[in-house]
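Please read this report alongside the sequence and the coordinates. Its topics are a covalent link and a sheet.

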Amino acid sequence: QVQLVESGGGLVQAGGSLRLSCLASERTFSTYAAGWFRQAPGKEREFVATIGRSGGSTSYAESVKGRFTISRDNAKNTVYLQMNNLKPEDTAVYSCAALSTKTMKFASTQWAEYDYWGQGTQVTVSS
């Protein structure tokens, strides 16, 4: 059982930056691909970014490409989401997720494929 704890959310003005962190309890976190998803009030959960086990493969939603960067530090069991040039439409609860995979470069954009989820952290961007 992997426990994921997000941190780093908050209130920021449009154009500002935040860095989200996701700390995993699992010492073998390097065997998991990871992803960030978000859900705004009244909307469905949507994919934001994903990263393979070694960090060598990444994928982003079109809406965040060029503004957000996903990374990981397996020695610290942590995945990050650096968010720059934030927009009011980025306001949502952001959750990290992990899925066990034997493939180093596998990274999924589909939330249903993930095995473990954090509780989420609120990001609010004011205009």
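## The disulfide link

In this predicted model, the link of Cys22 and Cys96 is right-handed, with 55 degrees about the S-S bond. Cys22 lies in strand S3 (residues 18–24) and Cys96 in strand S9 (residues 92–100), so the disulfide ties together parts that are 74 residues apart in sequence. The S to S distance between Cys22 and Cys96 is 1.9 Å, which falls within the 2.5 Å taken as the cut-off for a disulfide.

A search of the whole structure finds one disulfide, and that disulfide is the one joining Cys22 to Cys96. A disulfide is a covalent bond between the sulfur atoms of two cysteines. As for their surroundings, Cys22 and Cys96 are both buried, a term that here stands for under 20% relative accessible area.

## The four-stranded sheet

Strand S3, which holds Cys22, also belongs to an open sheet of four strands, whose order is S1-S3-S8-S7 and whose pairing is antiparallel. At the edges of this sheet are strand S1 (4–7) and strand S7 (68–73), each of which pairs on one side only. On average, and with direction ignored, neighbouring strands of the sheet are turned by 15 degrees against each other.

## The pairing of S1 with S3

Strands S1 and S3 run antiparallel and are joined by four bridges. Within this part of the sheet, Val5 stands opposite Leu23 in S3, the strand that also contains Cys22 of the disulfide.

Definitions and conventions
Residues are numbered from 1 along each chain as its sequence is written. This is a predicted model: local features need pLDDT of at least 70, side-chain atom pairs count only at pLDDT 80 or more; totals for chains, interfaces and linings use all residues. Side-chain values use heavy atoms; hydrogens and water are left out. Helices (H or I, at least four residues) and strands (E, at least two) are DSSP runs, numbered from the N terminus. Buried means under 20% relative accessible area, exposed over 50%, partly exposed in between (1.4 Å probe, protein chains only). Two strands pair if DSSP finds at least two bridges between them. Axes are lines fitted to C-alpha atoms, for helices over the stretch in contact, and angles run from 0 to 180 degrees between N-to-C directions.
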